[in-house]
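Good morning, everyone. Please have a look at the sequence and the structure on the screen. I'll take you through two parts.

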Amino acid sequence: MEFPQTLHSGVVSSLRRLSFCTLLAMLLPAFATAQSVMSRRVHGVAGTFDLPLSLTATNPTTEPRTGPNQTIVFTFDKAISSAAANISEGTATAGTPTFSGNDVVVGLTGVSNQQYVTIALANVASSDGGTGGCSSARLGFLAGDVNQNRVVTLADLGLVNAQLAQFVTVANFLKDVNASGTLTLTDKGITNANLTRALPAP
């Protein structure tokens, strides 16, 4: 995006570091703006647990819970009435978004392990009449990487092992790698099977 030469060079430099969607929200305040993005999984009877995702594409959050089905939740600053979702990076299929107040919920299927996926929202329309908004989220999928350092090691195995037979809570839900609602030897086995697997540098 080009800016008028009359703008101070420091201002131009700052603007160029912003995403297109952020610039739209600044220039056209009627546009809905994403406030946060979560990776959501239902862990059986233990309930639903959300993993907050980084909004910085060059430092994506790692999701260690197994696929192939995943759910991404975008939360905006106002109620949303419609949006379109697509995958711009990685192997996955985005379902038709659903809407609940300020949340846009996108179900993903066919998500492969050991990869980065970018989910993009376009044509975001808010209930107050705002149209044309957009947002995106980039995250890594690496089963068993419970300490989220982009490589599965003995440290991850130790973290899962330490939680065996514990109740799934907000403090340990990432160790429930298969999102079954219980921390068992199955979670340890999945982590062990993924030892040495890693994501590339983001």
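**A hairpin and a glutamine**

Let's start with a turn. Strands S9 and S10 form a hairpin, with six residues between them. In that turn sits Gly129, with a positive phi of about 105 degrees. Keep in mind that this is a predicted model.

Now the strands themselves. S9 covers residues 115-126, and S10 covers residues 133-141. They run antiparallel, joined by eight bridges. Take one bridge pair: Gln115 is partnered by Phe141 in S10.

S9 also pairs with another strand, S5, residues 80-89. How many bridges join S5 to S9? Seven, and these two strands run antiparallel. One pair here is Ile80 with Ser126, and Ser126 is in S9.

Is S9 mostly covered or mostly open? Mostly covered: 10 of its 12 residues are buried.

On to the second part, Gln70. Find it in strand S4, residues 70-76. Buried or exposed? Gln70 has a relative accessible area of 2%. The cut-off for buried is under 20%, so Gln70 counts as buried.

What does its side chain reach? The side chain of Gln70 comes to 3.2 Å from the backbone oxygen of Arg65.

And who else is around Gln70? Set aside the neighbours within four places in sequence. The contacts of Gln70 then include Ser39, Arg41 and Glu63. Also among them are Val106, Gly107, Leu108 and Val111. Phe141 is on that list too. We met Phe141 before, as the bridge partner of Gln115. That residue links the two parts of my talk. Thank you.

Key
Residues numbered from 1 in each chain as written. Predicted model: local features only at pLDDT ≥ 70, side-chain atom pairs only at ≥ 80, totals over all residues. Heavy atoms only, no water. Buried < 20%, exposed > 50% of the residue type's maximum accessible area, 1.4 Å probe, protein only. Helix = DSSP H or I, 4+ residues; strand = E, 2+ residues; numbered from the N terminus. Pairing = 2+ DSSP bridges. Polar contact = N/O pair within 3.5 Å; in protein donor to acceptor, adjacent residues only side chain to side chain. Contact = heavy atoms within 4.5 Å.
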